[in-house]
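Me: I am new to this structure and would like to learn how its descriptions are justified. Could you walk me through a few of them?

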Amino acid sequence: MTSVTPPPNQLLQMYRGMVRIRKFEEKVYLLFLEGKVLGTIHQYQGQEAVAVGVCGALRRDDCLTSTHRPHGHCIAKGVSLDSMMAELFGRATGCCKAKGGSMHMGDISVGAVPAIAIVAGGVTLAAGMGLAYKFQHNDRVVACFFGDGAVNEGAFHEGVNLAAIKQLPVIFVCENNFYAASTPMQLTTPVGIAERAAAYGIPGVVVDGNDVAAVYQATVTAVARARRGEGPTLIECQTYRTVGHSRGDPGAYRPKEEVELWKQKDPIARLRRSLIADEAATESEIAVIEAEADREIETAVAFAEASPPPQPEDALLHVYGEQVTA
Amino acid sequence: MAVDVLIPNAGQTSGEATILRWLKKPGDSVKIGEALLEVETDKATMEVEATAAGVLQGVRYETGAVVPVLTAVAVIVEAGERPKPPARPSGFPFKEEGEALSPPAPIRHARRGGGAQPDSGDLLAIMRAHRPGRALASPLARALAADTGLALTAVTGSGPRGRIMKRDTQSEAIGARPSQPTTEPGSRWIPFSATRRTIAERMAASWREAPQVTLTTEADAEALARLRAQFQIDLPDADDLSYTDLFVKIAAAALREQPQLNARVEDGGIRLFDAIHIGLAVDTERGLVVPVIREADRKGVAQIARERRDLAERARGGRLRPDELSGGTFTLTNLGAFEIDAFTPIVNPPEGAVLGVGRIVKKPVVRDDELRPGMTVVLSLTFDHRLVDGGPAARFLQRIKTLVEKPHLLIA
Amino acid sequence: MKRLSIAEALREAMREEMQRDERVFLLGEDIGIPQGFGGAFTVTLGLSDEFGHERVVDTPISEKAIVGAAVGAAMMGMRPIADVQYSDFLFCAADEIVNQAAKMTYMSGGTVKVPMVLRAPVGATNRGAQHAQSPEGFFMHVPGWKVAVPATAYDAKGLLKTAVRDDSPVLIFEHKRLYGKGGRKEAGGLDLTSDIPDEEYCIPFGQAVIRREGSDLTVVATLLMMHRSLAAADLLAQEGINVEVIDPRTLVPFDDGTVLASVAKTGKLLIVEEDNLTGGWGAEVAARVADAGFDLLDAPIKRLASYDVPMPFAPVLENFVVPSVERIVEMARAIVKGKV
């Protein structure tokens, strides 16, 4: 397995990618408190390196499936912030025309399949997508994101098993943040996640999910394997969400020391430090990136606020495939 | 506010118009008075103008379509407004404005059962074709009508498409039943029974519809009394041969001679009946019931007596069949048993006349210029003055009187 | 023109669609194994010889993966025909059916379509409760799925072809006792065949067929119950009672119009279904006719369905539960004579 360290300018792009996610989520949190973002949100702060690292190794025509915590994946894959913000505001210009909401974000035109909020629900779908690519003789791959809780769902087993036996081009990415809602892994999972890959005869690797370069490298390897037709890989990215499971969750079930420890390992701070230390970027370049991200998000908020809500009767549209305009 | 674009009713006799061409298309802005489409009627070609300003949407009929007048062929909405989607049968994909559905291309249809959803008017048309005469009424209305003897054909429905509903079976025209009768001290209120209600409605209807006149005459009943006595001796099982039986025979004979009274007013004309069926008013516990003796002119008094006895008994027991209570062409009512002489019977609708018979009573009479004891009976004939005038009615009554006084004429 | 059974007609439909469109493939258990069964009821027999094992994909026993993979592949432009061996097993993949396949088009705001077909056999065949259900009612209820119920070989071929070409997910419920020859032999099975034209044809969804005309009573029935209703109608005709039998052919979309026009004629409706009475598809149809056909009815709408019990094994019990020709005759007679 060759080690592929991303070159400095690529790392800077990854830094930018993580900052966009962080600032988007922080803004969304504030808007949620103001009542402008509706429903519920499951936020991604702390896990940015996984989304950015994985998507950095994907082509635009590769796809990903996501979960109830999809904002980071969507942003990293290239879904427009305008359309995401508008979706959260429940406007007709949202990426799902206000039909999906936070938990079903996506835009298939950039390869982000609208997210599946059923835990492990995307695993069998990803296997099917890989099956389609095999039939179509293209070398596209699917990155399938799911959390630590998902590995105990029947669908996980069936989907990974099918992908393994049929050698489907899927990269199964487990974002292990050690808690499934409030339940810690040690209460539910007798065998580690990456170890389970052996049960399917596929490679399983553990990476530091807060090291964007490490995530990237592991993904590059898995993608190459998949494109060669050798089948799926299971990548366990160990990370941590620095916020609650969803809005309104103070996370009292996690020891404070643990939370503090992981905050020290924040992926964005880490990368900033190493970029500066390696002189791959200056403070002012970092500042520009951050300011650009802020502006982009302000624009997205303005776009969302100016967008019209959908017509009530639009609720009757798009039940059947005949109405799919794409 | 969406405004329908209607094919105007310009006095076409055919009641429909053909769309020749649309002058505007969906999405176009239109001003009041602007021509939207050209239609052809059996009278002329004309333009249909916009009655509101806005944006044309929801065009439902294309060039060549033939539509009834007052059909909404499109709608004008305010700029920025969207028209309400028309109701669709569930399961069908909603068709977005301007977007064509692309169902999979069927190459050949299998035997079709009918396909698209017919509207309610079409369904009622199908129903009437197969089940003519069926009234449109809710199950509850039917039950209430049956309970009170109300004929649904007499009721106008106030529900959708003319459906008769519960509230229509209780309208004032029919005889309102107050849901909360007022209490009056020193009295009590009882609702109408089914029979009472029927009688009330029929009597009121008769009174309302037919201008009625009653003629009376007094006849010498001696010959009739002697005839009856003779029958009672010479006919077996005739001990209870009644005057009523004889009057039935007499009335039937008179009707055979003067058929204009064996008739009724109907649909702006007069319906004359070939057969003579005489209804007999029978007093029962539940109320007045009128069983019918069919073809009374062709039956002998003995048979009439037997039928009368049977019908009266079953009438009191509530065991008459519907066909025995209907079809009468003339009614006879005898109140002689109650010492009534003259009275003004009400015509039994829809018949044309009714004969009331009073008591047969001993009275002083003048015969050959001498005062003698005799027997008389008062006959009261009420007739529908729309049907006949006083003259013919009087002649009819006079003939009855003659037959009463000279019953031997019955076999002449 | 040739005569085919339902199993053969389904097989021919799949063969034609696979020849016509390279995006069509099959997946399921035991469907392509060499020297194997051709699926639980032989419908796919021979197709893997013709199209290879890449296009006739044998899966592990993983209903969630079968349905989920069909959804995923369909989202990426393929046209999978997935099958489960018994409709009872659809519930193993309930999440994939209800939450993924049915909702993806809608949740995506109309940007992702799921043009998949899912086939499942229904009906009681003395195999016991978990291999016997007729669950059409459950799936009629899920917005997003179309549901077909072909009862003849002609309809099976035409409806399956339409299903493959439809851009929405389509469930096809086949009856185990109607597969006929070339299918698996079932006790009490009907040996049905139809004339199948040589030219290609598709049958649009939402078009019922009047199998038998009559003016005394409208009977709406699907699958095996439709055939029993026809048999009952023959018996009733001898008593002078003429029954109109309508086969809806698809439950979603449902041809309300044909049923209503028939009820306008007869004034009386009897629905005969093999699924359980409570919440069965018949309840939905009854509610619709009671609403749109309120003024047309001379008698209450009656439904004959399996009693609300899981399906028992022993024939005497199963035959009691599932509506028989005798039960249909009795109910029809009672309705027509005004006894209900």
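Reply: Gladly! Let us start with a term: a salt bridge is a side-chain nitrogen of Lys or Arg within 4 Å of a carboxyl oxygen of Asp or Glu. Please keep in mind that this is a predicted model.

Me: What makes Arg21(B) and Glu38(B) a salt bridge?

Reply: Their closest N and O atoms are 3.3 Å apart, and the cut-off is 4 Å, so the pair qualifies. Arg21(B) sits in strand β2 (residues 16-22) of chain B and Glu38(B) in strand β4 (residues 35-40) of chain B, 17 residues apart.

Me: Why is Glu38(B) called buried?

Reply: Its relative accessibility is 17%, and buried means under 20%, so Glu38(B) counts as buried. Its partner Arg21(B) has a relative accessible area of 45%; that value lies between 20% and 50%, so Arg21(B) is partly exposed.

Me: How do you know that Glu34(A) and Lys36(A) form a salt bridge?

Reply: The distance from N to O is 3.5 Å, and the limit is 4 Å, so these side chains meet the criterion. Lys36(A), at 33% relative accessibility, counts as partly exposed.

Me: Why can Arg177(C) and Glu318(C) be said to tie together parts of the chain?

Reply: Their side chains meet in a salt bridge at 3.1 Å, N to O. Arg177(C) lies in the loop between β7 (170-175) and β8 (194-196) of chain C, while Glu318(C) belongs to helix α11 of chain C, so the bridge connects parts 141 residues apart in sequence. Both Arg177(C) and Glu318(C) are buried.

Me: What makes Val309(C) eligible for a nonpolar patch?

Reply: Patch residues need over 30% relative accessible area and no salt bridge. Val309(C) has 33% relative accessibility, so it passes the area cut-off. With Tyr307(C) and Phe320(C), Val309(C) forms a surface patch of about 280 Å² of accessible area together. Val309(C) is found in the loop between β14 (302-306) and α11 (315-321) of chain C.

Me: Why are β9 and β15 of chain B called edge strands?

Reply: The open sheet of chain B has six strands in the order β9-β18-β17-β16-β12-β15, with mixed pairing. Strands β9 (212-220) and β15 (292-293) of chain B each pair on one side only.

Me: How do you know that β17 and β18 of chain B are paired?

Reply: Pairing takes at least two bridges. Strands β17 (residues 353-367) and β18 (residues 370-384) of chain B have 13 bridges in the antiparallel sense, so they count as paired.

Conventions
Residues numbered from 1 in each chain as written. Chains lettered and ligands numbered in written order. Predicted model: local features only at pLDDT ≥ 70, side-chain atom pairs only at ≥ 80, totals over all residues. Heavy atoms only, no water. Patch = residues over 30% accessible without salt bridge, like charges linked within 9 Å, V, L, I, M, F, W, Y side chains within 5 Å. Areas by Shrake-Rupley, 256 points an atom, 1.4 Å probe, with all protein chains shown as cover. Helix = DSSP H or I, 4+ residues; strand = E, 2+ residues; numbered from the N terminus. Buried < 20%, exposed > 50% of the residue type's maximum accessible area, 1.4 Å probe, protein only.
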